[in-house]
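Please find below my notes on the model, set out as numbered points. They go from single residues to the sheets, the core and the meeting of the two chains.

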Number of protein chains: 2
Amino acid sequence: MAKDRKIDMVILGLLSHDNLTGYDIKKQIDGSIRLFWKGSFGSIYPALSELEKQGSVRRLKNNDGGGREKIIYSITSQGKEILRAWVRDEKASNDLKYETLMKLFFGGVESKETALRNIEVFEEQIKADLKVLQIYRANIEKALDEEDHVYFYLTILFGIETYEAYLKWCNKARKVLA
Amino acid sequence: MAKDRKIDMVILGLLSHDNLTGYDIKKQIDGSIRLFWKGSFGSIYPALSELEKQGSVRRLKNNDGGGREKIIYSITSQGKEILRAWVRDEKASNDLKYETLMKLFFGGVESKETALRNIEVFEEQIKADLKVLQIYRANIEKALDEEDHVYFYLTILFGIETYEAYLKWCNKARKVLA
DNA sequence: TTCACATATATCAAATAGATATATCGTTTT
DNA sequence: AAAACGATATATCTATTTGATATATGTGAA
């Protein structure tokens with residue numbers, strides 16, 4: 001596979017906002033990033049080691065007198081330049097893996113009821129996620145003057161717009177199957 | 001990682017419609033499936049071998065007197081049952097990896113113009129894809145009476161609904177950034 | 001006839017997912 | 001006060017997937 005590790009950009013991007021541990025990075029991915037990307041420990045920790053080796057991130061000394069081992073990373077100026085070059089690069093891979101759709105696509109091997117049930121499960125999940133996003137939006141709209149918040153806001157809007165489209169589709173799909 | 005190879009379901013699903021070679025499977029994934037899933041030769045051929053070993057697919061003899069090597073597979077009744085069990089199983093992983101959104105999320109490290117350009121590239125791609133989907137829809141609506149076509153139709157509708165939402169979001173995003 | 005392109009199988013290294021092992025810390029329950 | 005529990009934290013392993021490449025044949029056009 002080509003030299004093109006996407007998790008590196010997630011890590012550099014998050015470190016451009018804050019100094020973080022690998023565990024922190026995982027938490028942020030599962031939080032604000034999960035709308036459009038994901039990552040596991042199995043990719044985060046090895047990536048952090050290699051980024052350090054190549055000089056894109058730096059380990060902050062933080063031996064505050066014995067206690068839980070904790071490695072806080074910060075981004076270097078080289079890391080920032082790599083991140084910026086990636087943001088400027090126009091090519092981007094956008095793809096989704098929707099098992100629900102696949103189950104529906106091959107729905108012919110099972111009953112219509114099964115198809116409807118799969119749509120229902122999907123709908124419930126989306127409704128729950130949409131509620132969370134709407135709370136995010138309400139909160140962030142109070143603090144939109146801060147520069148970086150605008151970009152976060154845009155991704156929230158993306159989530160809301162697409163999730164509403166999913167719900168519309170669920171209704172249409174039900175009608176088509178009926 | 002858990003015993004849970006999704007490519008197996010893509011293969012079994014496609015073989016439940018038709019007997020196909022590995023190459024055919026790849027073509028169908030890049031065609032009708034690509035809206036919600038993808039797969040590469042590097043996963044298809046090994047999966048076909050294992051599915052054959054476990055008795056879910058069968059190799060059809062087709063030595064039609066010398067010529068290009070060609071291995072046509074068909075699904076067995078065991079394979080069909082595995083496919084059906086998977087369709088009945090409610091749990092489904094739905095996730096997207098949108099590099100455009102990630103570039104936007106970390107847009108603060110670059111200029112607003114870069115962010116707008118990334119949105120523009122994304123928009124052009126979606127517009128092109130949407131056109132194709134609308135042609136698909138028009139064609140399939142003429143043949144909706146055939147049982148299996150309904151499920152294909154639903155995935156097309158899903159694509160159209162979400163792509164239209166993406167375009168709406170592009171316009172909103174432009175306004176927010178302005 | 002040569003060139004490009006589509007068909008077709010197969011394999012490899014790099015990247016990722018998902019699970020698990022290990023250990024510490026803080027809070028709550030017994 | 002001890003035990004139990006869940007959150008924090010690093011690290012590693014295997015299975016899976018990607019994306020690229022190697023190899024070879026068939027087909028149509030210049």
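**Notes on the model**

1. Ser77(A) lies in helix H4 of chain A, where helices (H or I, at least four residues) and strands (E, at least two) are DSSP runs numbered from the N terminus. With 9 C-beta neighbours inside 10 Å, Ser77(A) counts as exposed; the term buried is kept for a residue with 20 or more other C-beta atoms within 10 Å of its own, exposed for 12 or fewer, and partly exposed for what lies in between, with C-beta atoms placed from the backbone. Ser77(A) and Gly159(A) are 82 residues apart in sequence, and their C-alpha atoms are 32 Å apart in space.

2. A word on conventions: this is a predicted model, in which local features need pLDDT of at least 70 and side-chain atom pairs count only at pLDDT 80 or more, whereas totals for chains, interfaces and linings use all residues. Residues are numbered from 1 along each chain as its sequence is written, while chains are lettered from A and ligands numbered from 1 in the order in which they are written.

3. Lys26(A) has its place in helix H2 (residues 22-33) of chain A, and it is partly exposed, since 18 other C-beta atoms lie within 10 Å. Leaving aside neighbours within four places in sequence, Lys26(A) is in contact with Phe41(A) and Ile44(A), two residues being in contact if their C-beta atoms, placed from the backbone, lie within 7 Å. From Lys26(A) to Met102(A) there are 76 residues in sequence and 28 Å in space, C-alpha to C-alpha.

4. Strand E1 (residues 57-60) of chain A and E2(A) run antiparallel and are joined by four bridges, pairing being accepted if DSSP finds at least two bridges between two strands. Arg59(A) stands opposite Tyr73(A) in E2(A). Along strand E2 (residues 72-75) of chain A the side chains alternate, so that Tyr73(A) and Ile75(A) point to one face and are buried, while Ile72(A) and Ser74(A) point to the other and are not.

5. In chain B, Lys70(B) is found in the loop between strand E1 (57-60) and strand E2 (72-75). Lys70(B) is partly exposed, with 13 other C-beta atoms within 10 Å, and its C-alpha is 9.8 Å from that of Leu60(B), 10 residues away in sequence.

6. The domain assignment of chain A gives domain 1 (6-88) and domain 2 (99-177), with bounds that come from an automatic or database domain assignment. Taken over C-alpha atoms, the centres of these two domains of chain A are separated by 29 Å.

7. The largest nonpolar core (a set of buried Ala, Val, Leu, Ile, Met, Phe, Trp, Tyr and Cys residues joined through C-beta atoms within 7 Å) has 92 residues, and those with the most contacts inside it are Val10(A), Ile11(A), Met102(A), Val10(B), Ile11(B) and Met102(B). Beyond neighbours within four places in sequence, Ile11(B) is in contact with Ile25(B), Ile44(B), Ala47(B), Leu48(B) and Leu51(B).

8. Between the chains, 55 residues of chain A are in contact with 56 residues of chain B. The largest share of the side of chain A that touches chain B, 17 residues, comes from H7(A). E3(A) and strand E3 (residues 94-98) of chain B pair in the antiparallel sense over five bridges, and within this pairing Asp95(A) stands opposite Lys97(B) in E3(B).

9. Chain A can be laid on chain B with an RMSD of 0.0 Å by a turn of 180° and a shift of 0.0 Å along the axis, the copies being superposed by least squares on the C-alpha atoms of residues with pLDDT of at least 70 in both. The two copies are thus related as by a two-fold rotation axis. In chain A, the C-alpha nearest the axis belongs to Leu96(A), at 2.0 Å from it.
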